[in-house]
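Colleague: I am new to reading structures, and I would like to go through one slowly with you. Could we take a few features in turn, with the general idea before the case at hand?

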Amino acid sequence: MKTKTDDGWIQKMEKMHPYQTIVYLGMIGSGLIFLFLTIAFLSSFYPQNNLEVYQLPTPFWLSTFVLVASSFLINRLIHFYHKGRPYHLERFLWVIFSLGLLFTALQFWGWSDLNQQGIDFTGIPSGSYLFVLTGIHILHLLGVLIFVIVLLWEVHQSVLDPVKDLVFITNPFVKMKLKLFITYWHFVDFIWLLLFILFSIAF
């Protein structure tokens, strides 16, 4: 019984597209990195929490709302794909891309706020880990934004050419890439929400 289950799991892994394998393994690896850094961040509070005398930057609150809003909107991408509406799909991808840039800008604003409060990368250990955690998260988001640019180029080509539009809509590979993009975007959003809750408790 156990062997059959293991064989089924292995077969599923073998049938996965290389893009799927890369994305899923990337999420596992990233999750482990954030886990270890979070543990280090929490351990830096010992014997006392040095961040409680400061305030959590307002831009971090705003960026959280932006990312949560983008996660609700991003689910519309598959809807437009199934409906065969590449024009609307392209517009929504631009919206997601813009929200990603806005989130990044708010993060930099948050760093500036931290510096004004006296928290910098070379200061107290908990402050250093905060910069590292948010910085690595921004790198992950920038990676997703590059993915958006690739999708935008493919969708725009289908908008300009009716033949490419037909191929685009009927291509299961395109649907797979859209689903991978949505999954990874939700992953990045989930990581930030966990970090934001942790930061909220720390300040």
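Colleague: Let us begin with a helix: what span should the 26 residues of α2 have, and how far apart are its end C-alpha atoms?

Modeller: Please keep in mind that this is a predicted model. The expected span of a helix is 1.5 Å times one less than its number of residues. For the 26 residues of α2 that gives 38 Å, and the end C-alpha atoms are 37 Å apart, so the two values agree.

Colleague: Which residues of α2 are buried?

Modeller: A residue counts as buried when its relative accessible area is under 20%. In α2 the buried residues are Gln20, Val23, Met27, Ser30, Phe34, Leu37, Thr38, Ala40 and Phe41.

Colleague: Now to empty space: which residues line the largest pocket?

Modeller: Rolling a probe the size of a water molecule over the atoms shows where empty space is left. Here the largest pocket holds about 150 Å³ of space, and its lining is made up of Tyr19, Ile22, Val23, Gly26, His140, Gly143, Val144, Phe147 and Tyr184. The elements that give two or more residues to this lining are α2 (18–43) and α6 (125–160). By character, the lining residues divide into six nonpolar, three polar and no charged.

Colleague: How many aromatic pairs does the structure hold, and why is the pair of Phe103 and Trp192 edge-to-face?

Modeller: There are 13 aromatic pairs in the structure. Planes over 60 degrees apart count as edge-to-face, and the rings of Phe103 and Trp192, with their centres 5.5 Å apart, have planes at 85°, so this pair is edge-to-face. The pair links distant parts of the chain, since Phe103 is in helix α5 (residues 86–116) and Trp192 in helix α8 (residues 172–202), 89 residues apart. Phe103 counts as buried because its relative accessibility is 0%, and Trp192 is buried at 0% as well.

Colleague: What kind of pair do Tyr184 and Phe187 form?

Modeller: Tyr184 and Phe187 form a tilted pair, with 5.6 Å from centre to centre and 40° between the planes. Both residues lie in helix α8, three residues apart, which is about one turn of the helix, and both are buried.

Colleague: Which residues form one aromatic cluster?

Modeller: One aromatic cluster is formed by Phe41, Phe60, Trp61, Phe103, Trp192, Phe196 and Phe199. Among them, Phe41 is also one of the buried residues of α2.

Terms used
Residues are numbered from 1 along each chain as its sequence is written. This is a predicted model: local features need pLDDT of at least 70, side-chain atom pairs count only at pLDDT 80 or more; totals for chains, interfaces and linings use all residues. Side-chain values use heavy atoms; hydrogens and water are left out. On a 1 Å grid over the protein atoms alone, a cavity is a set of points where a 1.4 Å probe fits but cannot get out, and a pocket is an open set with protein on both sides within 12 Å along at least five of seven lines; lining residues have an atom within 4 Å of a point. Grid points are joined across faces, edges and corners, and a volume is the space filled by probe spheres set on the points. Helices (H or I, at least four residues) and strands (E, at least two) are DSSP runs, numbered from the N terminus. Ala, Val, Leu, Ile, Met, Phe, Trp, Tyr, Cys and Pro count as nonpolar, Asp, Glu, Lys and Arg as charged, and the others, Gly among them, as polar. Rings of Phe, Tyr and Trp (its six-membered ring) pair if their centres lie within 6.5 Å; planes under 30 degrees apart count as stacked, over 60 as edge-to-face and the rest as tilted. Buried means under 20% relative accessible area, exposed over 50%, partly exposed in between (1.4 Å probe, protein chains only).
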